[in-house]
Amino acid sequence: MTDQAPGSESEIPGKPTSASRTTLSHIMTHADTNLLGTVHGGVIMKLVDDAAGAVAGRHSGGPAVTASMDEMVFLEPVRVGDLVHVKAQVNWTGRTSMEVGVRVLAERWNESTPAQQVGSAYLVFAAVDADGKPRLVPPVLPETDRDRRRYQEAQIRRTHRLARRRAIKELREARAAEGFED
């Protein structure tokens, strides 16, 4: 991912954060549970990926594929009967990729208590054309102070992802030069 933030070479008009923001809601059933009787983390992760993928496709104006999922955090268990809301938005864009932030909330389907945050994640999507090749994405235009904060935090996460990838590559190359196999 050597994706760089769009510069003057990009002729694609930007899109505001609100243009692709979405919420996916799903009621949890017994089919979604793990051996402990709570909703399986993989079920939540799929909902997260589905919502993030919809946002990435909306923002980029076409197909986008999941490149990575960072920092999936489960804060509270989700139970059968919970109505889960997965809220997603584009936080940052590069030339061909974008970070999507996701918040997961849950509320009892039969109670009037407010939804509680139960998880969060950051995903990176790459926009692709019909041949699966990277294609340009419009710059995201943060609209609020919260959007601007998310944009800045996304840049920090991107810097860390690239540094981690570079460090691992260098370590593997050094071990290979010493005759060790991975």
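Student: Where is P142 found?
Tutor: P142 is in the loop between strand 7 (140-141) and helix 2. Helices (H or I, at least four residues) and strands (E, at least two) are DSSP runs, numbered from the N terminus.

Student: What sort of model is this?
Tutor: This is a predicted model, in which local features need pLDDT of at least 70 and side-chain atom pairs count only at pLDDT 80 or more, while totals for chains, interfaces and linings use all residues. Residues are numbered from 1 along each chain as its sequence is written, and side-chain values use heavy atoms, with hydrogens and water left out.

Student: Back to P142. Buried or exposed?
Tutor: P142 is partly exposed, at a relative accessible area of 28%. Buried means under 20% relative accessible area, exposed over 50%, and partly exposed in between (1.4 Å probe, protein chains only).

Student: Which residues is P142 in contact with?
Tutor: Leaving aside neighbours within four places in sequence, P142 is in contact with T17, D147, R148 and Y151. Contact means heavy atoms within 4.5 Å.

Student: And N91, where does that lie?
Tutor: N91 lies in strand 4 (residues 82-93). N91 is buried, with a relative accessible area of 3%.

Student: What does N91 touch?
Tutor: Not counting residues up to four places away in sequence, N91 touches nine residues that can be listed: E99, V100, G101, Y122, V140, R150, Y151, A154 and R157.

Student: Y122 and R157 are both in that list. What sits over the ring of Y122?
Tutor: The charged end of R157, 3.5 Å from the ring centre. The rule is that NZ of Lys or CZ of Arg must be within 6 Å of the ring centre and within 35 degrees of the ring normal. The charged end of R175 likewise sits over the ring of F180, 4.5 Å from its centre.

Student: New topic. How many residues has the largest nonpolar core?
Tutor: It has 31 residues, and among those with the most contacts inside it are I44, V84 and F125. A nonpolar core is a set of buried Ala, Val, Leu, Ile, Met, Phe, Trp, Tyr and Cys residues joined through side-chain atoms within 4.5 Å.

Student: Which element gives the largest share?
Tutor: Helix 1, with 7 residues.

Student: What does F125 touch?
Tutor: Its contacts include D49, A52, M98 and V100, not counting residues up to four places away in sequence.

Student: Which residues does UniProt list for the domain?
Tutor: The unreviewed UniProt entry lists residues 18-131 as "domain: HotDog ACOT-type". UniProt positions are given in the numbering used here, feature names are shortened, and annotations may be inferred rather than shown by experiment. In the model, that span is 18% helix and 46% strand.
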